[in-house]
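This report covers surface patches, internal spaces, backbone outliers and charged pairs in one protein model. Please keep the sequence and the coordinates at hand while reading.

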Amino acid sequence: MRTINRTDFLSGLVVAALGAAGLVEALRMPRFEARGADPFTVPGLTPGLLSAVLCVLGIVLLLRGMSGRNLTEGAQPSITQWTRASAIRTLFTIVMVLVYGTLLFGRMPFFYATALFVFVFTVGAELIDTERRLPAWKLLIGGCLLAGGAAYAIDFVFTDLFLVRLPG
Amino acid sequence: MAMDGLNHFLGAIAEIGFSAQIIVVFWATLLGITVGMIPGLTATLGVALVTTLTFTMEQNTAILVLICVYIGAIYGGGRTAILLNIPGTPANAASALEGFPLARKGRAGEAMAVATTGSFLGSVVGMVGLALVAPWLAEFALDFTSFEFFWLAVFGIVLCGQLTAMDDALKGWIAGFFGLLVAMVGQESIHAYARFSYGIRDLEGGFGLLPVLVGAFGCTEVFIVMRQEATRAVAGKVTGVFRSALSSFSHARTWLRSGFIGTFMGVVPGVGEDMGAWVSYAAAKRASKRKEEYGQGSTEGLLAAETGNNAAVPGALIPVLTLAIPGSAPAAVLLAAMIIHGLRPGPLIMITQADFFYSVVAMVFWASCAMLILGLLLTRPLLLILKVRREWLMGIIFVLCTVGAFAIAGRIFDVWVMIGFGLIGFLMREAGFPVAPMILGVVLGPILDNNLRRSLALTQGDPIPFVTRPISALIATLVFLIIIFSLPPVRRRLATLRTRFAGGER
């Protein structure tokens, strides 16, 4: 009995929905008839065509997913294959990245934001690693040195050497 | 004409070789090798991050730095493939198949030497291809009008989607068309209407190419590296480096073939080094008299893969310089960097900036020489890079991605774009979608949009010239054939026919 290929089915659904939404939005774009614009230069033309193609491709993927046809071994997506450790590491990374990018960067002086992020990321990633051999005190001291050093070096290189203005 | 070109080239070689720029060549190549060696840091990310550092540099020095980093990174990834069995950059995946078994047999030094000479020879063959093909292509492209440029954009997406997605062209095409749609966000050039912007000011400017690139290749890599299990280098003896390096030159047939294939794969829009390596490796395996060694540690296979990926670097520069269309993902960053630095790649390059073109060829030459020298002399010290733990590195890499995305325009919005595309890239890769076609789509989107609407306005909506103009018709036919031959029923039928013929031969 064939089972649904869930990755393809869900991906196809998202792509088809995106294409359909893009198409609707493209059709709603102005045509500038009052300005006497050439109908073949209207802003919605290309996005409309691209969205339509994307929608069709999404439907094909969705149908393929429903048919349950399996791909070759090498092309098997990894999204369904998680170990507990791998899931924890990924979740930790995503949360840290979001915290730094949306909450710390730009709201705090660059040096402090970066040092804090690098310290928490490094120490946190080591602490969730089940194969960690480094004792906690070495980890904390190393993390402090790395965080301070990296934040200072990046700040110095970008601000003083390459004249990039960093926030804060 | 050819003599004129040779004179320009020799002049450019001397200009770099006898000036302080030679120091730049060495440090930038070493930086590239280091970036390439660190698992998870791709050549694209390296070139994108270093672009930020080149803002205040003089035009030619900036491009020199970026080309050296690009060539160094593709080469450096081979080390990781050999010693860790994971490719330092995706372009070195084929190298891992042969390099790692060699390292496990205690022949790591030999493997690294072969990879070094292979990369050097590949770059040199690619450089000759660049010097010969680019001027011809630029002249040919002078006849291109909006019809041809439209088809070229479609061709790039369809072919890149088909080649980078391995057995699943559908996902490659979806990634490509998604990239094209992403490029539609923001103000369009004919009526200055802000598409998909909803009154949000930052969206009206569209997504910057560099934040998208750094996100899709850099931030995504941080997620992927942290998601995977940790790796450890095999402790191999590092001996016989110089002897093996010299012996590689004798496999002329392998490196010449791989060099040609690599260069060609580089020229194909968006395909680049990964496919350069795989196709060269497959061709070498087919032609080899010692097929049984493949997969067990074949120096010939390693030579083919490393020659193929480095030959693709100058190959990828050919469409960048002559058509302003990137041949690979790092080349897309390089194209953006050239534009940032006020250079105008495109069909007119040989007329308006011939000196710059030959300077680029000379840059490839010097970067290849630096790679060879550094690669052979620093075999042992460079191994230390592989001992750095990912937990201590990835946080810093993400900070560099953030600063890289921010520094271009000083907008926090670009940091959010970078993270957003990092998450999208991660999900795409996890679900089996290639990221390269999406990036190519973002680059080609404006080209496709402007040329489609311009052509239709010229013909008053008549689509016939799209398929009746000779060059347009040729590219359209190619697009059609790629699609047809990617369809599963057609592929199955072809496979059956091949088996039948093979059976008949026996």
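A nonpolar patch is made of residues with over 30% relative accessible area and no salt bridge, their nonpolar side chains (Val, Leu, Ile, Met, Phe, Trp, Tyr) being joined within 5 Å. The model is predicted, and local features are reported at pLDDT of at least 70.

**Nonpolar patch**

A patch of this kind, about 750 Å² in area, is formed by B:L474, B:L478, B:F480, B:L481, B:F485, B:L494, B:L497 and B:F501. Two helices of chain B, α23 (470-486) and α24 (488-505), give two or more residues each to the patch. The largest share, 5 residues, comes from α23(B). B:L494 belongs to helix α24 of chain B. Its relative accessible area is 32%, so B:L494 counts as partly exposed, and the value lies above the 30% cut-off for patch residues.

**Cavities and a pocket**

Rolling a probe the size of a water molecule over the atoms shows where empty space is left. In this structure there are 2 cavities of 30 Å³ or more. The table sets them beside the second largest pocket.

| Space | Volume | Nonpolar lining residues | Polar lining residues | Charged lining residues |
|---|---|---|---|---|
| Largest cavity | about 60 Å³ | 4 residues | 3 residues | 1 residue |
| Second largest cavity | about 30 Å³ | 6 residues | 2 residues | no residues |
| Second largest pocket | about 1,000 Å³ | 25 residues | 11 residues | 6 residues |

The lining of the largest cavity consists of B:A12, B:E15, B:I16, B:Q21, B:N60, B:S359, B:A362 and B:M363. Elements contributing two or more residues to this lining are α1 (2-17) and α17 (354-377) of chain B.

Around the second largest cavity lie B:G270, B:P326, B:S328, B:A329, B:A332, B:A436, B:I439 and B:L440. At least two lining residues come from each of α15 (329-340) and α21 (436-458) of chain B, and α21(B) has the largest share with 3 residues.

Helix α21(B) also gives the most to the lining of the second largest pocket, with 8 residues. The lining of that pocket comprises 42 residues, and those nearest its centre are B:I339, B:V442, B:V443, B:P446 and B:I447. Elements of chain B that each supply at least two residues to the pocket lining are β1 (186-187), α10 (209-227), α15, α16 (349-352) and α21.

**Positive phi angles and a long-range contact**

A:F32, a residue other than glycine, has a positive phi near 50°. A:F32 sits in the loop between α1 (6-28) and α2 (45-67) of chain A. With a relative accessibility of 15%, A:F32 is buried. In chain B, phi of B:Q460 is also positive, near 55°, and this residue too is not glycine. The position of B:Q460 is in the loop between α21 and α22 (465-468) of chain B. B:Q460 is exposed, at 56% relative accessibility.

B:S119 is part of helix α6 (residues 108-141) of chain B and is buried, with a relative accessible area of 0%. Its C-alpha atom lies 8.8 Å from that of B:A305, although the two residues are 186 positions apart along the chain.

**Salt bridges**

Side chains of opposite charge can pair when their charged atoms come close. Over all chains, the structure holds 17 salt bridges. One of them pairs A:E25 with A:R28, with 2.5 Å between the closest N and O atoms. These two residues are separated by about one helical turn because they are 3 residues apart in helix α1 of chain A. A:E25 is buried at 18% relative accessible area, whereas A:R28 is exposed at 61%.

Which residue of chain B meets A:D129 in a salt bridge? The partner is B:R389, at an N to O distance of 3.0 Å. The pair joins two chains, since A:D129 lies in the loop between α4 (110-127) and α5 (136-161) of chain A and B:R389 in the loop between α18 (379-382) and α19 (390-407) of chain B. A:D129 is buried, with a relative accessible area of 18%, while B:R389 is partly exposed at 34%.

B:R389 also forms a salt bridge with B:E391, at 3.5 Å from N to O. B:E391 is buried, with a relative accessible area of 3%. A salt-bridge network links A:E126, A:D129, B:R389, B:R390 and B:E391.

How values were computed
Residues numbered from 1 in each chain as written. Chains lettered and ligands numbered in written order. Predicted model: local features only at pLDDT ≥ 70, side-chain atom pairs only at ≥ 80, totals over all residues. Heavy atoms only, no water. 1 Å grid on protein atoms, 1.4 Å probe; cavity = no way out; pocket = protein on both sides within 12 Å on 5 of 7 lines; lining within 4 Å. Points joined across faces, edges and corners; volume = space filled by probe spheres on them. Helix = DSSP H or I, 4+ residues; strand = E, 2+ residues; numbered from the N terminus. Nonpolar A, V, L, I, M, F, W, Y, C, P; charged D, E, K, R; others polar. Patch = residues over 30% accessible without salt bridge, like charges linked within 9 Å, V, L, I, M, F, W, Y side chains within 5 Å. Areas by Shrake-Rupley, 256 points an atom, 1.4 Å probe, with all protein chains shown as cover. Salt bridge = Lys/Arg side-chain N within 4 Å of Asp/Glu carboxyl O. Buried < 20%, exposed > 50% of the residue type's maximum accessible area, 1.4 Å probe, protein only.
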